[in-house]
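Here is a protein model to explore together. Take a look at it first, and then we'll walk through some of its charged pairs, its inside and its surface.

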Amino acid sequence: MPAVTSAFVGLDALLETVADDPWSLASDLASASVLLRVADRHKLRSERVSELRGQAIAALGMVARVQRPSGAFGYWRNGKSSPYVTAMVLDGLLEARAAGLRVPAKAIAKAAGFLAERMPKGLNHTYFGLGG
């Protein structure tokens with residue numbers, strides 16, 4: 001139990017940074033979701049786990065505000081679209097969904113579509129679960 005508790009350190013700043021920094025959104029959401037999956041797997045129940053779940057849900061709400069119409073994300077809210085950041089945010093969204101959180105399917109589809117459009121021709125898109 002102490003290892004899981006110490007892993008929560010640093011996640012309190014989650015909501016303070018995501019509004020202008022989708023990169024932090026991606027890494028914090030993925031980290032929080034992995035921790036929630038571990039907590040669920042080991043049936044860990046605590047106020048801190050509930051708080052973490054609430055933070056992850058709030059972060060998911062912010063995804064719609066920072067995702068561009070193209071489905072992309074950038075290092076900064078008003079910065080250039082980045083396939084790398086988009087892939088990181090998509091990973092966070094998929095981790096959150098695997099943790100049992102309600103993730104907007106449209107956000108996943110738009111991010112995956114943005115990445116699929118930028119994949120090299122001839123690459124097997126189906127392998128990555130993106131269709132095509």
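Let's start with a charged pair: glutamate 117 and arginine 118 form a salt bridge, and their closest N and O atoms are 3.2 Å apart. Side chains of opposite charge can pair when their charged atoms come close. Glutamate 117 counts as exposed because its relative accessible area is 64%, and exposed means over 50%. Arginine 118, with a relative accessible area of 42%, is partly exposed.

Before going further, keep in mind that this is a predicted model. The mean pLDDT of the protein is 78, and 73% of its residues reach 70 or more. Which helix has the lowest mean pLDDT among the elements, and which has the highest? Helix H1 (residues 2–7) has the lowest, at 49, while helix H6 (residues 105–117) has the highest, at 94. Where pLDDT is low, the predicted coordinates should not be read in detail.

**More charged pairs**

How many salt bridges does a search of the whole structure find? The search turns up five. Here are three of them, including the pair we began with:

| Pair | N to O distance |
|---|---|
| Arginine 45 and aspartate 40 | 3.7 Å |
| Arginine 53 and aspartate 40 | 3.1 Å |
| Arginine 118 and glutamate 117 | 3.2 Å |

Aspartate 40 turns up in two rows of that table, once with arginine 45 and once with arginine 53. The pair of arginine 53 and aspartate 40 links distant parts of the chain: arginine 53 belongs to helix H4 (residues 47–66) and aspartate 40 to helix H3, with their positions 13 residues apart. Shared partners join Asp40, Arg45 and Arg53 into one network of salt bridges.

How open to the outside are these three? Arginine 45 has a relative accessible area of 61%, so arginine 45 is exposed. Aspartate 40 is partly exposed, at 29% relative accessibility. Arginine 53 is also partly exposed, at 23%.

**Looking inside**

Now for a residue on the inside. Serine 33 sits in helix H3 (residues 22–41). Is serine 33 buried or exposed? Serine 33 counts as buried, because its relative accessibility is 0% and buried means under 20%. Leaving aside residues up to four places away in sequence, serine 33 touches Gly92, Glu95, Ala96, Ala99 and Leu101.

Serine 33 has company: buried residues make up 42% of the protein's 132 residues.

**Out on the surface**

What does the outside look like? The protein's accessible surface comes to about 7500 Å², and 58% of that belongs to carbon and sulfur atoms. One spot to find is a nonpolar surface patch formed by Tyr75, Trp76 and Tyr84, which together have about 390 Å² of accessible area. Tryptophan 76 is in the loop between strand S1 (73–74) and strand S2 (81–82). With a relative accessible area of 53%, tryptophan 76 is exposed, since the cut-off is over 50%.

**Stepping back**

Finally, zoom out to the whole fold. The protein has six helices and two strands. Going along the sequence, you meet them in the pattern α-α-α-α-β-β-α-α. Take the contacts between residues at least 6 apart in sequence: 62% of them join residues at least 24 apart.

Methods: Residues numbered from 1 in each chain as written. Predicted model: local features only at pLDDT ≥ 70, side-chain atom pairs only at ≥ 80, totals over all residues. Heavy atoms only, no water. pLDDT = per-residue confidence, 0-100. Helix = DSSP H or I, 4+ residues; strand = E, 2+ residues; numbered from the N terminus. Buried < 20%, exposed > 50% of the residue type's maximum accessible area, 1.4 Å probe, protein only. Contact = heavy atoms within 4.5 Å. Salt bridge = Lys/Arg side-chain N within 4 Å of Asp/Glu carboxyl O. Areas by Shrake-Rupley, 256 points an atom, 1.4 Å probe, with all protein chains shown as cover. Patch = residues over 30% accessible without salt bridge, like charges linked within 9 Å, V, L, I, M, F, W, Y side chains within 5 Å.
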